[in-house]
Amino acid sequence: MAGRRTDTRDRIQDVALELFSEKGYDGTSLREIAERLDVTKAALYYHFRTKEDIVQGLVGDAAEGIAEIVEHGRALGPAEAKVEVLKRFAALIEGRLGQVMRFMQQNVPALKEMGLQHNLGEKMQGLFELLCASEEDAETQLRARLALVALVMGNNPLFGGGELARPDSEVALKVALELASPTGGSPATAT
């Protein structure tokens, strides 16, 4: 029974993200989410009472995913942690986290009003700190931070199109690993 509830909750969040992307947060109603899901508003209310509850769930789930990556990375040595953290973050951002981050970029005023604009940022700071923990010089620390940015940008359709080729997730991960390497080349532990 609990598995079915999680599946329904995930489906609601997926559809809400689609509609938020199409119409914006303010332009989407719970009624529209329920209609797209082909359920009653009462069925939707069973899982989420408001749009804000849906967003809080999305941001909370994303923050939890990032926190798990940080926790795993802290148990590893610095070089291994860089590679593992980047690989796990790449997989996370390729999924719902990438959609949540795009939603957040497109709906800053709504998130500010809900007080959620910093929740994910705090968890991202943990990733930055983990990637830079063993690095002392500013250039290497910046490369580590840019590695995360490469993953975010490489998996965001807003940063492609026109004459520019949008990198796929493998290309984004390859660039991120190269950036995180102290010399700017492929780290030996990446292969």
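Visitor: In this predicted model, what span does helix H5 (residues 78-94) reach from its first C-alpha to its last?

Guide: Helix H5 has 17 residues. At 1.5 Å a residue, a span of 24 Å is expected, and the helix comes close to that value. From the first C-alpha to the last, H5 reaches 24 Å.

Visitor: Is Leu92 of helix H5 buried, partly exposed or exposed?

Guide: The buried residues of H5 are Ala81, Lys82, Val83, Val85, Leu86, Phe89, Ala90 and Ile93. Leu92 is placed in H5 as well, and its C-alpha atom is separated by 9.3 Å from that of Ile69, 23 residues apart along the chain. Buried requires under 20% relative accessible area, and exposed over 50%. Because its relative accessible area is 25%, Leu92 is partly exposed.

Visitor: How many helices and how many strands does the secondary structure of the chain hold?

Guide: From the N terminus on, the elements run α-α-α-α-α-α-α-α-α-α. Of the 191 residues in the chain, 41% are buried. The secondary structure comes to ten helices and zero strands.

Visitor: Which residue just after helix H2 takes a positive phi?

Guide: Most residues other than glycine have a negative phi. Within H2 (residues 30-37), Leu30, Glu32, Ile33, Ala34 and Leu37 are buried. In the loop between H2 and helix H3 (41-47), one residue is exposed, with a relative accessible area of 72%. Its phi is near 60 degrees although it is a residue other than glycine; this residue is Asp38.

Visitor: Which residues are linked with Arg96 in a network of salt bridges?

Guide: The structure has nine salt bridges. One of them joins Asp10 and Arg96, with the closest N and O atoms 3.7 Å apart. That pair links distant parts of the chain, helix H1 (residues 2-23) and helix H6 (residues 96-106), 86 residues apart. The network with Arg96 includes Asp10 and Asp14.

Visitor: How far apart are the closest N and O atoms in the salt bridge of Arg36 with Glu22?

Guide: Arg36 lies in helix H2 and Glu22 in helix H1, so the pair ties together parts that are 14 residues apart in sequence. Arg36 is partly exposed, with a relative accessible area of 39%. The closest N and O atoms of this salt bridge are 2.9 Å apart.

Visitor: Which residue meets Glu178 in a salt bridge?

Guide: Glu178 counts as partly exposed at 22% relative accessibility. Its partner is four residues away in helix H10 (residues 169-180), a separation of about one helical turn. With an N to O distance of 3.2 Å, the partner is Lys174.

Visitor: Is the aromatic pair of Phe20 and Tyr25 stacked, edge-to-face or tilted?

Guide: The structure holds three aromatic pairs. In this one, both Phe20 and Tyr25 are buried, and ring pairs link them with Phe103 into a cluster. The centres are 5.3 Å apart, with 55 degrees between the planes. Stacked planes are under 30 degrees apart and edge-to-face planes over 60, so the pair is tilted.

Visitor: Which residue has its charged end over the ring of Tyr25?

Guide: The charged end of Arg49 sits over the ring of Tyr45, 5.1 Å from its centre. Over the ring of Tyr25, at 4.2 Å from its centre, sits the charged end of Lys51.

Visitor: What is the area of the nonpolar surface patch that includes Val149?

Guide: Val149 is placed in helix H9 (residues 138-154) and counts as partly exposed at 34% relative accessibility. Leu142, Leu146, Val149 and Met153 make the patch, whose area is about 310 Å².

Key: Residues are numbered from 1 along each chain as its sequence is written. This is a predicted model: local features need pLDDT of at least 70, side-chain atom pairs count only at pLDDT 80 or more; totals for chains, interfaces and linings use all residues. Side-chain values use heavy atoms; hydrogens and water are left out. Patches are made of residues with over 30% relative accessible area and no salt bridge: like charges are joined within 9 Å, nonpolar side chains (Val, Leu, Ile, Met, Phe, Trp, Tyr) within 5 Å. Accessible areas come from the Shrake-Rupley method with a 1.4 Å probe; for residues, only the protein chains shown count as cover. A salt bridge is a side-chain nitrogen of Lys or Arg within 4 Å of a carboxyl oxygen of Asp or Glu. Helices (H or I, at least four residues) and strands (E, at least two) are DSSP runs, numbered from the N terminus. Buried means under 20% relative accessible area, exposed over 50%, partly exposed in between (1.4 Å probe, protein chains only). Rings of Phe, Tyr and Trp (its six-membered ring) pair if their centres lie within 6.5 Å; planes under 30 degrees apart count as stacked, over 60 as edge-to-face and the rest as tilted. A charge sits over a ring if NZ of Lys or CZ of Arg is within 6 Å of the ring centre and within 35 degrees of the ring normal. The expected span of a helix is 1.5 Å times one less than its number of residues.
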